[in-house]
Amino acid sequence: MNDKKETYPVPVVLFTYRRLDTVKLILDEIEKVKPSRFYVFSDGARAGRNEEKEQVWKVREYVKGRINWECEFIPGFAETNMGCADRITSGLDEVFAKEKEALVFEDDAVPGQAYFAYCRELLEKYREDKRIQYIAGFNFIGDTDSIGDSYTFGFFGGLSGAFATWADRWNQCDFKMGSWPEVKKTKALRKYFHYRELYQVYEKALEDSYKQINDGWDYQFQYDGMSQGRLAVVPKGNLVESYGYAAGAFHEQEKKTAERLKKRMGRSEREFIFPMEHPKEIALNEGYDKIRQKVSLEVSGGYMERHFRYFKVAVKDFLYPIYKKIFK
């Protein structure tokens, strides 16, 4: 795969915005595999932000000048700001109208080389197995012995900026979440959560997604998989490093939270070994899922710190209908 004459056969998709530093790192890795088809989507700058407009332009020019291998380059550069959700969903709609499968990167997820080989093999292995929703680049808990093989299966795979999936999984997803009111009423997803507090957090996030309060797409795609009992493939160690919470990120976090996330979403220090050791059966790894859910709570701090944050979110949601333009 690393031969200079060989190209990577799986389409690669990159979403950019205003971050040039991480785009350079991502392209360093993509260049090594030389995908034969390379999609790059860029959202436009927000109105009235001249500095941001300059940043977006610089990223686009860098990407166009950086592609020095033979490939089919398919750009999608928005003239205006579409927002994270619309830019990603519309972009992947375009990709999966043409492609059967793809690797997807947002501009804050920097892969290692093992990630490309891992995705290529597993996309083929589980192509016809509808029990799998997507292939994650993160496991969200870092190096762990709770995953004995090269990867495992969880309901809560790390869908943070780097994943691979198939057109049939993406195209059948109802991003309007039409089934959510009934699922919420019956608490049908409660069985997947080991911690009541985490279920309440996710229920709130899914409700906001249903009402289109948050500018996201990932909760909807994950909900689609969970509501059908589908699993995510998660690697033994993180094969990607996230910069999605650091300074300059679109979802920049408070310093303490960013430090906790960096620890959990940094690239694995262990070498990922090929050939892979495949699990003997496709089944939920309860041990992994429980640890991951515990970590999901811990990255938001202690009990009082978390609940103070919930209170602030509740106040924001109460005021949102009144000051919608400000919050948007």
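**Helix 1, strand 9 and the cysteines**

Three bridges join strand 6, residues 132-138, to strand 9, and these two strands run parallel. I should state at once that this is a predicted model. Within that pairing, I135 stands opposite V233 of strand 9. Strand 9 is also joined to strand 7, residues 151-154, in this case by four bridges and in an antiparallel arrangement. There, G154 is the residue that stands opposite A232.

How much of strand 9 is buried? Five of the five residues in strand 9, which covers residues 231-235, are buried, so the strand is largely enclosed by the rest of the structure. Both of its faces are covered: L231, V233 and P235 lie on one side, while A232 and V234 lie on the other.

Several of these residues recur in the surroundings of Y118. Apart from neighbours within four places in sequence, Y118 is in contact with I135, A136, Y151, V233, V234, P235, L239, F272, F274 and M276. Y118 also belongs to the largest nonpolar core, which has 84 residues; L92, L103, Y118 and L189 touch the most other members. Helix 4 gives the most to this core, with six residues.

I turn now to helix 1. This helix comprises 14 residues, 20-33; at 1.5 Å a residue it should span 20 Å, and its end C-alpha atoms are indeed 20 Å apart, in agreement with that expectation. The buried residues in helix 1 are T22, V23, I26, L27, E29, I30 and V33. They cover an arc of only 165° around the axis, which puts them on the same side of the helix. As background, an α-helix has 3.6 residues a turn, so residues three or four places apart point the same way.

What covers the buried residues of helix 1? The cover includes strand 1 (12-16), strand 2 (37-42), helix 2 (50-66), strand 4 (101-106), strand 5 (109-111) and helix 4 (113-125). Just after helix 1, K34 adopts a positive phi of about 55°.

Finally, the cysteines. A search of the whole structure finds zero disulfides. Why does C84 form no such bond? The cysteine sulfur closest to that of C84 is in C173, 15 Å away, which is too far for a bond. C84 counts as partly exposed because its relative accessibility is 21%. For C119, the closest cysteine sulfur is that of C71, at 19 Å, again too far for a bond. C119, at 0% relative accessibility, counts as buried.

Conventions:
Residues are numbered from 1 along each chain as its sequence is written. This is a predicted model: local features need pLDDT of at least 70, side-chain atom pairs count only at pLDDT 80 or more; totals for chains, interfaces and linings use all residues. Side-chain values use heavy atoms; hydrogens and water are left out. The expected span of a helix is 1.5 Å times one less than its number of residues. Buried means under 20% relative accessible area, exposed over 50%, partly exposed in between (1.4 Å probe, protein chains only). The arc is that of the directions from the helix axis to the C-beta atoms. Contact means heavy atoms within 4.5 Å. A nonpolar core is a set of buried Ala, Val, Leu, Ile, Met, Phe, Trp, Tyr and Cys residues joined through side-chain atoms within 4.5 Å. Two strands pair if DSSP finds at least two bridges between them. A disulfide is a pair of cysteine sulfur atoms within 2.5 Å.
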